[in-house]
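Welcome, and take a moment to look over the model below. We will walk through it step by step, from the overall layout to a few single residues.

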Amino acid sequence: MTDIYKLDYAFISNSKRYENFGDKLLHRKKDTKVIITSNITPIDNGADYILNYAKLINEKSLVPDNSMSMLLDFFVKIKIKDIAFAGFDGFSAQNKNNYYEDSAILSKESEDIKLFNETITRQLKTYSKKLKINFITDSVYLQKREKVEV
């Protein structure tokens, strides 16, 4: 999590990620709404919204609990039509390049990173038929998608 961008919402679906960023989120509470999934236990009123984890995962996917896919699924369900993402830049074979801060590194060494990125790209193509997806930051998932300047 960075202070470079103003965050309207922060979505976290991984308990380790929530533990890593929980304090930062609490300090941004007045400016940023925190959305977590039900598999996470919130600390000190550290969540504005809690979404049902089981209803958002895609068990047919190679990456059933990818946070971007889960959030896109939620947006489609609540009929959001236009979104902009920051920080969904894709994965690199060099694990340290996958995260803004070293404390955010989660072990996914055994996964085939190329296949992971391809799976997410296919999911994005599917979701893009239902809503407009923009990226504020660079992403391997862009593929001729519009980059939004802030």
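What percentage of the 150 residues in the protein do buried residues make up? Buried residues make up 41% of them, where buried means under 20% relative accessible area, exposed over 50%, and partly exposed in between, with a 1.4 Å probe and protein chains only. Please keep in mind that this is a predicted model, in which local features need pLDDT of at least 70 and side-chain atom pairs count only at pLDDT 80 or more, while totals for chains, interfaces and linings use all residues. Residues are numbered from 1 along each chain as its sequence is written, and side-chain values use heavy atoms, with hydrogens and water left out.

**The overall layout**

The protein has four helices and five strands. Helices (H or I, at least four residues) and strands (E, at least two) are DSSP runs, numbered from the N terminus. Read from the N terminus on, the order of elements is β-α-β-β-α-α-β-α-β. Among contacts with a separation of 6 or more, 51% are between residues 24 or more positions apart; contact means heavy atoms within 4.5 Å.

**The three-stranded sheet**

Let us begin with the strands. Three of them form an open sheet in the order β1-β2-β3, with parallel pairing. Its edge strands are β1 and β3, each of which pairs on one side only. From one strand to the next, the twist averages 20°. Two strands are said to pair if DSSP finds at least two bridges between them. Strands of a sheet pair through backbone hydrogen bonds, either parallel or antiparallel.

Strand β2 (residues 33–37) is largely enclosed by the rest of the structure, because four of its five residues are buried. Strand β1 (residues 9–12) pairs with β2 in the parallel sense over four bridges, and β2 is joined to strand β3 (residues 49–51) by three bridges, again running parallel. Some of the facing residues are listed here.

| Residue | Partner |
|---|---|
| Ala-10 | Val-34 in β2 |
| Phe-11 | Ile-35 in β2 |
| Ile-35 | Tyr-49 in β3 |

Ile-35 thus appears twice: it is the bridge partner of Phe-11, and it stands opposite Tyr-49.

**Helix α4 and its neighbours**

Next comes helix α4 (residues 113–127). This helix has 15 residues and reaches 21 Å from its first C-alpha to its last, close to the 21 Å expected at 1.5 Å a residue; the expected span is 1.5 Å times one less than the number of residues. Its buried residues are Ile-113, Phe-116, Asn-117, Thr-119, Ile-120, Thr-121, Gln-123, Leu-124 and Tyr-127. What covers them includes α3 (67–77) and β5 (132–135).

How do α3 and α4 lie relative to each other, and at what angle do they pack? The angle is about 10°, and the axes are 11 Å apart. That makes α3 roughly parallel to α4. Angles under 35 degrees count as roughly parallel, over 145 as roughly antiparallel, 65 to 115 as roughly perpendicular and the rest as oblique. Axes here are lines fitted to C-alpha atoms, for helices over the stretch in contact, and angles run from 0 to 180 degrees between N-to-C directions.

On the α3 side, Met-68, Ser-69, Leu-72, Asp-73 and Val-76 meet Ile-120, Gln-123, Leu-124 and Tyr-127 in α4. The residues of this contact divide into six nonpolar, two polar and one charged.

**Three residues to look up**

Ser-13 lies in the loop between β1 and α1 (15–27). With a relative accessible area of 9%, Ser-13 is buried. Leaving out residues up to four places away in sequence, Ser-13 touches Thr-37, Asn-39, Ile-40, Tyr-53, Asp-65, Ser-67 and Met-70.

Ile-136 lies in the segment after β5 and counts as buried at 17% relative accessibility. Ile-136 and Phe-88 are 48 residues apart in sequence and 9.3 Å apart in space, C-alpha to C-alpha.

Is Lys-79 buried or exposed? At 63% relative accessibility, Lys-79 counts as exposed. Lys-79 is found in the loop between α3 and β4 (82–85), and its phi is near 65°, a positive value in a residue other than glycine. Most residues other than glycine have a negative phi.

Terms used
Ala, Val, Leu, Ile, Met, Phe, Trp, Tyr, Cys and Pro count as nonpolar, Asp, Glu, Lys and Arg as charged, and the others, Gly among them, as polar.
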